[in-house]
Amino acid sequence: MKKQLQPIDAESLLHEHEFKKTPLRIMLLEVLSLSPTPLPVAKLIRKTKKLAADPATIYRALNAFVEAGMVHALTVDKTKVLYELVQEKIHNHHIVCDTCSAVESIPFCIKTIDQQAIKVSRQFNKVHSHQLAFVGTCRKCIRALR
Ligand SMILES: [Zn+2]
Ligand SMILES: [Zn+2]
């Protein structure tokens, strides 16, 4: 299952979540929608360079998107977070290399995972979404370590 790399209608998405439309927010969402893999902030800063936005503003925009459920933050380790647009039709998870941070999207999920979580939960009887991240060492890095 490949992602279809078409830019989303960022303005409608912002409107839907009651965000003000700023050129930076629009560009961030478009860049995220065109990426086949989750992106680190450094890359988002580079890709929005022509707007000359303050990195702090970029972080703030991303955090706001995450809070609004528009973007997933995938934590690789304490210092590295990758961002990915949440797209209803595309549900997959990722394996991240703990050595070179390579990311692979895998069309994998456990269908009953949400119900299973509810079954053992004491305080919830509904979940809206879940995040699963796999960490491993990619083949290239294993070869390099030999
Ligand atoms: Zn690697
Ligand atoms: Zn899943």
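**Reasons behind the names: helices, strands and residues**

Author: Four residues of helix α2, namely R25, L28, L29 and L32, are the buried ones in that helix. This is a predicted model, in which local features need pLDDT of at least 70 and side-chain atom pairs count only at pLDDT 80 or more, while totals for chains, interfaces and linings use all residues. Residues are numbered from 1 along each chain as its sequence is written, while chains are lettered from A and ligands numbered from 1 in the order in which they are written.

Reader: What makes the buried residues of α2 line one face of the helix?

Author: Seen down the axis of α2, these buried residues fall within an arc of 95° (the arc of the directions from the helix axis to the C-beta atoms), so they line one face. The buried residues of α2 pack against α1, β1, α3 (41-47), α4, β2 and β3, and L29, leaving aside its neighbours within four places in sequence, is in contact (C-beta atoms, placed from the backbone, within 7 Å) with I8, A10, L13 and L85.

Reader: Why is S101 called partly exposed, and how do you know whether A52 is buried or exposed?

Author: A residue is buried with 20 or more other C-beta atoms within 10 Å of its own, exposed with 12 or fewer, and partly exposed in between, the C-beta atoms being placed from the backbone. S101 has 14 such neighbours inside 10 Å and therefore counts as partly exposed, whereas A52 has 7 and is therefore exposed. A52 is found in the loop between α3 and α4, and although A52 is not a glycine, its phi is positive, at about 50°. S101 lies in the loop between β4 and β5, and here too phi is positive in a residue other than glycine, near 65°.

Reader: And what makes I118 partly exposed?

Author: I118 has 13 other C-beta atoms within 10 Å, and is therefore partly exposed. I118 belongs to helix α5 (residues 113-120), and, not counting residues up to four places away in sequence, I118 touches F124, N125 and V127.

Reader: How do you know that β2 and β3 pair?

Author: Strands pair if DSSP finds at least two bridges between them, and β2 and strand β3 (residues 80-85) are joined in the antiparallel sense over six bridges. Within this pair, D77 stands opposite K80 in β3. Helix α2 (residues 23-33) packs on the sheet, where it touches β1, β2 and β3, and its direction makes about 90° with that of β3.

Reader: Why are β1 and β2 said to stand at the edges?

Author: The open sheet of three strands has the order β1-β3-β2, with antiparallel pairing. In that order β1 (39-40) and β2 (71-77) each have a single partner strand, so one side of each is left without a neighbour in the sheet.

Reader: What makes β4 and β5 a pair as well?

Author: Strand β4 (residues 93-97) and strand β5 (residues 103-106) share four bridges in the antiparallel sense, and in β5 the bridge partner of H94 is S105. Their hairpin has five residues between the strands.

Reader: Which residues have the most contacts inside the largest nonpolar core?

Author: They are L28, L29, L32, L62, V71 and Y83, in a core of 18 residues. The elements α1 (10-16), α2, α4 (55-67), β2 and β3 each supply at least two residues of this core.

Note on methods:
Two residues are in contact if their C-beta atoms, placed from the backbone, lie within 7 Å. Axes are lines fitted to C-alpha atoms, for helices over the stretch in contact, and angles run from 0 to 180 degrees between N-to-C directions. A nonpolar core is a set of buried Ala, Val, Leu, Ile, Met, Phe, Trp, Tyr and Cys residues joined through C-beta atoms within 7 Å.
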